[in-house]
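Hi,

Here is the structure I promised to pass on. Have a look at it first, and then read on for what turned up when I went through it.

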Amino acid sequence: METTIPLRVCRLRPERDSDLPLPCQMSEGAAGMDVCAGVDEDLVLRPGERAAVPTGLAMAVPPGCEVQVRPRSGLALRHGITVINAPGTIDADYRGEVKVLLANLGAQDFCIERGMRIAQLVVARVAAVAVSEVSVLDDTARGG
């Protein structure tokens, strides 16, 4: 059974950022939606550096869901660019600007340009959890 999860996205500066595409799946079978850099000028990440890269977007993640921020495999393989806290989480109650925490693990400077696809977003359901303290846990074949 296929269900669609609604994700409301707001351009924080529509007059300036209308050139940036909204997050979207680049193929029919893609799990993630590519998200683009909303930098005003090129941002150079030197080897070992990290930065919070703006997207110019905020979103309303539905209750019971999260949006995971993940690296793009091509950037990781070719340039060593990754999401430093992968997967990052955008919670359902966060309404601030989505920023992607990128790190350069490569050996060369990497230039992040406006509109560059920098990460992918995956919407995932999150289970409600009831934590209870116990004095002993049940045994399993794996043990501890």
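Let me start with one pair of side chains. Arg72 and Asp34 make a salt bridge, with their closest N and O atoms 3.8 Å apart. This pair ties together distant parts of the chain: Arg72 is in the loop between β6 (65-70) and α2 (73-79), while Asp34 is in strand β2 (residues 33-36), 38 residues apart. Both partners are buried, Arg72 with a relative accessible area of 18% and Asp34 with one of 9%. Before you read too much into any of this, keep in mind that the model is predicted.

Asp34 has another partner, too. Its side chain also meets that of Arg117 in a salt bridge, at 2.6 Å from N to O. Again distant parts of the chain are linked, since Arg117 belongs to strand β11 (residues 117-125) and Asp34 to β2, 83 residues apart. Is Arg117 buried or partly exposed? With a relative accessibility of 32%, Arg117 counts as partly exposed. In general, side chains of opposite charge can pair when their charged atoms come close.

How many salt bridges does the structure hold? There are nine. Some of them join up into a network, whose members are Arg13, Arg16, Asp17, Asp19, Asp40, Glu97 and Arg114. One link you can pick out there is Arg16 with Asp17, where the closest N and O atoms are 3.5 Å apart. The two residues sit in unlike surroundings: Arg16 is partly exposed at 35% relative accessibility, whereas Asp17 is buried, with a relative accessible area of 1%.

Now for the overall picture. The protein has two helices and 11 strands. Reading from the N terminus, the elements come in the order β-α-β-β-β-β-β-α-β-β-β-β-β. The C-alpha trace spans about 55 × 35 × 30 Å along its principal axes. There are 144 residues, and 35% of them count as buried. The protein exposes about 9,300 Å², with carbon and sulfur atoms supplying 51% of that area. If you take the contacts between residues at least 6 apart in sequence, 72% of them join residues at least 24 apart.

The strands β2 and β11, which came up with Asp34 and Arg117, also turn up in a sheet. Four strands make up this open sheet, in the order β2-β11-β6-β8, and they pair in the antiparallel sense. Which strands are at the edges? Those are β2 and β8 (88-90), each pairing on one side only. From one strand to the next, the twist averages 35°. As background, strands of a sheet pair through backbone hydrogen bonds, either parallel or antiparallel. Between β6 and β8, the antiparallel pairing runs over three bridges, and Val69 stands opposite Gly88 in β8.

While you are looking at β6, stop at Gln68, which lies in that strand. Gln68 counts as buried, at 12% relative accessibility. Its side chain makes a polar contact of 3.0 Å with that of Glu66, and another of 2.3 Å with that of Arg70. Leaving out neighbours within four places in sequence, Gln68 is in contact with Pro87, Gly88, Gln120, Leu121, Val122 and Ala124.

The last residue on my list is Thr55, in the loop between β4 (50-54) and β5 (57-60). Where does Thr55 stand on burial, buried or exposed? At 3% relative accessibility, Thr55 is buried. Its side chain reaches two backbone atoms: the nitrogen of Leu57 at 3.2 Å and the oxygen of Val98 at 2.7 Å. Not counting residues up to four places away in sequence, Thr55 touches Leu20, Val35, Cys36, Gly38, Glu97, Val98 and Val100. You have met Glu97 already, as a member of the salt-bridge network.

If you want a route through the model, you could begin at Asp34, with its salt bridges to Arg72 and Arg117. From there, follow the sheet in the order β2-β11-β6-β8, and finish at Thr55 in its loop between β4 and β5.

Cheers

Note on methods: Residues are numbered from 1 along each chain as its sequence is written. This is a predicted model: local features need pLDDT of at least 70, side-chain atom pairs count only at pLDDT 80 or more; totals for chains, interfaces and linings use all residues. Side-chain values use heavy atoms; hydrogens and water are left out. A salt bridge is a side-chain nitrogen of Lys or Arg within 4 Å of a carboxyl oxygen of Asp or Glu. Buried means under 20% relative accessible area, exposed over 50%, partly exposed in between (1.4 Å probe, protein chains only). Two strands pair if DSSP finds at least two bridges between them. Axes are lines fitted to C-alpha atoms, for helices over the stretch in contact, and angles run from 0 to 180 degrees between N-to-C directions. Contact means heavy atoms within 4.5 Å. Accessible areas come from the Shrake-Rupley method with a 1.4 Å probe; for residues, only the protein chains shown count as cover. A polar contact is a pair of N or O atoms within 3.5 Å; within protein, one must be able to donate a hydrogen and the other to accept it, and residues adjacent in sequence count only if both atoms are side-chain atoms.
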